[in-house]
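User: I would like to go through this model and ask, for each label attached to it, what justifies the label.

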2 protein chains.
Amino acid sequence: MITIGKASELSGVVIETIRYYEREGIVSQPDRSASGRRIYTKVEVDNLRFIRRCRDMGLPVSQAKSLLTLTEQQDISCKSAQDIASHHLKEIKSKISELQRVESALKKLIAQCQSESKKCPILDELLSD
Amino acid sequence: MITIGKASELSGVVIETIRYYEREGIVSQPDRSASGRRIYTKVEVDNLRFIRRCRDMGLPVSQAKSLLTLTEQQDISCKSAQDIASHHLKEIKSKISELQRVESALKKLIAQCQSESKKCPILDELLSD
DNA sequence: ATACAAGCTGTAGTGACTACAGGTTCAAGG
DNA sequence: CCTTGAACCTGTAGTCACTACAGCTTGTAT
């Protein structure tokens with residue numbers, strides 16, 4: 001019998017987050033015991049793990065849900081999943097480039113700042129018109 | 001006379017965001033005209049630009065504010081600014097590494113997905129135990 | 001029986017915005 | 001002067017993805 005605590009452990013998703021995902025319809029509601037406790041199936045735990053993996057990769061929850069829906073279709077095509085993954089890969093690459101620009105700018109700023117100067121080049125540059 | 005719209009234009013910070021920064025105490029409140037409209041000085045516009053630049057670099061608002069406070073000190077030391085910048089540089093580097101890991105994982109997933117297969121390797125891997 | 005852990009729902013908060021609603025003031029044009 | 005539309009105001013609520021209670025019930029171990 002898989003209670004929510006166990007599902008959390010097995011899937012890696014925080015209990016509160018599991019409830020949130022159910023509330024938002026990201027995953028389906030599990031059956032309940034007579035006392036109202038959630039009882040998860042193995043598939044439901046797998047689904048939670050799926051969402052977590054998508055989130056770990058930086059996919060928005062809405063897209064993670066879309067991908068999960070694809071897994072539930074009998075006659076699934078790889079194409080949709082590939083499209084989503086490829087598009088997201090582009091976004092990751094773009095984000096890496098942006099962060100590399102920030103990295104360069106910070107390195108430059110820090111290099112300018114070599115002494116206990118009264119006039120700080122970092123602050124001056126951020127303030128400049 | 002610099003109204004909020006002009007301040008927004010000159011600083012690159014959205015009007016609503018300017019109001020938010022003032023509300024949160026990130027920047028000081030400007031003087032007002034007799035009718036209650038905000039009147040910004042050049043320094044106040046510079047400060048807004050400063051915050052925007054920090055935000056663009058990924059610094060949390062609280063840290064941007066700390067840096068701004070440093071600029072307002074008469075006898076400022078470069079050390080604090082350098083500490084903040086160096087620490088943030090580490091975080092940026094860490095974030096880049098993480099994204100590069102995600103990038104590799106996505107590339108691998110996509111490479112597995114080479115046909116209109118009924119069984120999608122991407123989805124399977126995300127679902128695997 | 002008792003005590004504590006695990007579970008429940010509902011609500012509110014986080015960080016950094018963002019978007020109204022409903023109102024006032026200003027500036028330009030007729 | 002009047003009208004109109006833009007710009008401004010405050011207060012509130014919403015976004016995204018959680019996260020943390022409060023106050024209550026149930027289950028388990030001793």
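Analyst: This is a predicted model, and a good place to begin is the nucleic acid: 19 residues surround DNA strand C, and the closest are Thr3(A), Arg38(A), Tyr21(B), Ser35(B) and Arg55(B).

User: What makes a residue count as near DNA strand C?

Analyst: One of its heavy atoms has to lie within 4 Å of the strand. For Arg55(B), an N or O atom of the side chain is 2.6 Å from a phosphate oxygen of DNA strand C, so Arg55(B) meets that cut-off of 4 Å.

User: Why is the approach of Arg38(A) to DNA strand C called a polar contact?

Analyst: A backbone N or O atom of Arg38(A) lies 2.9 Å from a phosphate oxygen of the strand, and the pair therefore falls within the limit of 3.5 Å for N or O atoms.

User: Which residue has a side-chain N or O atom 3.4 Å from a base nitrogen of DNA strand C?

Analyst: That residue is Glu16(B), whose side-chain atom is 3.4 Å from the base nitrogen; the pair is within 3.5 Å, so it too counts as a polar contact. Of the atoms of DNA strand C within 4 Å of the protein, 70% belong to sugar or phosphate, and the rest to bases.

User: Which elements supply the surface near DNA strand C?

Analyst: Those giving two or more residues are α1 (4-11) and α2 (15-23) of chain A, together with α2 (15-23) of chain B. The largest share, five residues, comes from α2(B), and the surface as a whole divides into six nonpolar, five polar and eight charged residues.

User: Turning to the protein chains, why is the pair Arg49(A) and Asp129(B) called a salt bridge?

Analyst: Their side chains meet with N to O at 3.3 Å, and because the rule asks for a side-chain nitrogen of Lys or Arg within 4 Å of a carboxyl oxygen of Asp or Glu, the pair qualifies. The count between chain B and chain A is four salt bridges.

User: What is the extent of the interface between chain B and chain A?

Analyst: The two chains bury about 4,500 Å² between them, with 72% of it on carbon and sulfur atoms, and 49 residues of chain B are in contact with 49 residues of chain A. Across this interface, eight residue pairs are in polar contact. On the side of chain B that touches chain A, α5(B) gives the most, with 20 residues, and the residues of that side divide into 24 nonpolar, ten polar and 15 charged.

Key
Residues are numbered from 1 along each chain as its sequence is written. Chains are lettered from A and ligands numbered from 1 in the order in which they are written. This is a predicted model: local features need pLDDT of at least 70, side-chain atom pairs count only at pLDDT 80 or more; totals for chains, interfaces and linings use all residues. Side-chain values use heavy atoms; hydrogens and water are left out. Contact means heavy atoms within 4.5 Å. Buried area is the accessible area (1.4 Å probe) that two parts lose on being put together, summed over both. A polar contact is a pair of N or O atoms within 3.5 Å; within protein, one must be able to donate a hydrogen and the other to accept it, and residues adjacent in sequence count only if both atoms are side-chain atoms. Helices (H or I, at least four residues) and strands (E, at least two) are DSSP runs, numbered from the N terminus. Ala, Val, Leu, Ile, Met, Phe, Trp, Tyr, Cys and Pro count as nonpolar, Asp, Glu, Lys and Arg as charged, and the others, Gly among them, as polar.
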